[in-house]
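Q: Please take a close look at one part of this model. I would like a connected account of a single residue and the sheet around it.

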Amino acid sequence: MTPSAAPSSAAPSSPSPSPVATVVVPEELDFTAPTVGGGTFEGASLAGRPAVLWFWAPWCPVCRREAPLVADLASRYEDRVTFVGVAGLSGDLAAIEEFVSDGGVEGIVHLDDREGEVYSRFEVTQQYDLGLVSADGTVEVLRGPLDEDEIVAAVERLAAG
């Protein structure tokens, strides 16, 4: 008679837990702001992915000229780059809302930054600057006014990662 093997008391092995990637929130994105539509927006929600913050004012002719390009880029890169408008340098919410509607940029979130808190976080002192947030959390501000090619190139760099 052959002795049978003793039953194994070892538990089946389970896979090791995968490390959880920690997303670092840059200081510039550590804010909560009202949106033009009446909601709230958490800047930290942009951490870990490419984003463009488009700083504008409703009375700015350069911003009006940039609006169709920003709308087009936001649509073209919607799966790779998040666009957020930052409306400031105006105390007139109706003018801000009108700019969003007339400028054709309803497809992106716009922050109501009439108090200038987001402008200050990015050290923006004039409209038509772009805040660029890369997926690794690097923040860069391009001082405007920028020509169309400069804006397109900046978005393409972000999208390429």
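A: What follows starts at one residue and moves outward to the sheet and its helices.

This is a predicted model, in which local features need pLDDT of at least 70, side-chain atom pairs count only at pLDDT 80 or more, and totals for chains, interfaces and linings use all residues. Residues are numbered from 1 along each chain as its sequence is written, and side-chain values use heavy atoms, with hydrogens and water left out.

Leu53 belongs to strand β3 (residues 51-56); strands are DSSP runs of E of at least two residues and helices runs of H or I of at least four, numbered from the N terminus. Leu53 is buried, at a relative accessible area of 0%, where buried means under 20% (1.4 Å probe, protein chains only). Beyond residues up to four places away in sequence, Leu53 touches, among others, Leu46, Val84, Phe122 and Gly131; contact means heavy atoms within 4.5 Å. Asp129 is another of these contacts, and its C-alpha atom is separated by 8.4 Å from that of Leu53, 76 residues apart along the chain.

The open sheet has five strands in the order β5-β4-β3-β6-β7, with mixed pairing; two strands pair if DSSP finds at least two bridges between them. Its edge strands are β5 (109-112) and β7 (139-142), each pairing on one side only. Strand β6 (residues 130-133) runs antiparallel to β7, joined by four bridges, and Gly131 stands opposite Val141 in β7.

Helix α1 (residues 61-76) packs on the sheet, touching β3 and β4 (82-87), and its direction makes about 160° with that of β3. Angles run from 0 to 180 degrees between N-to-C directions, with axes fitted to C-alpha atoms, for helices over the stretch in contact. Helix α2 (residues 93-103) lies across β3, β4 and β5, at about 125° to β3.

Conventions
Buried < 20%, exposed > 50% of the residue type's maximum accessible area, 1.4 Å probe, protein only.
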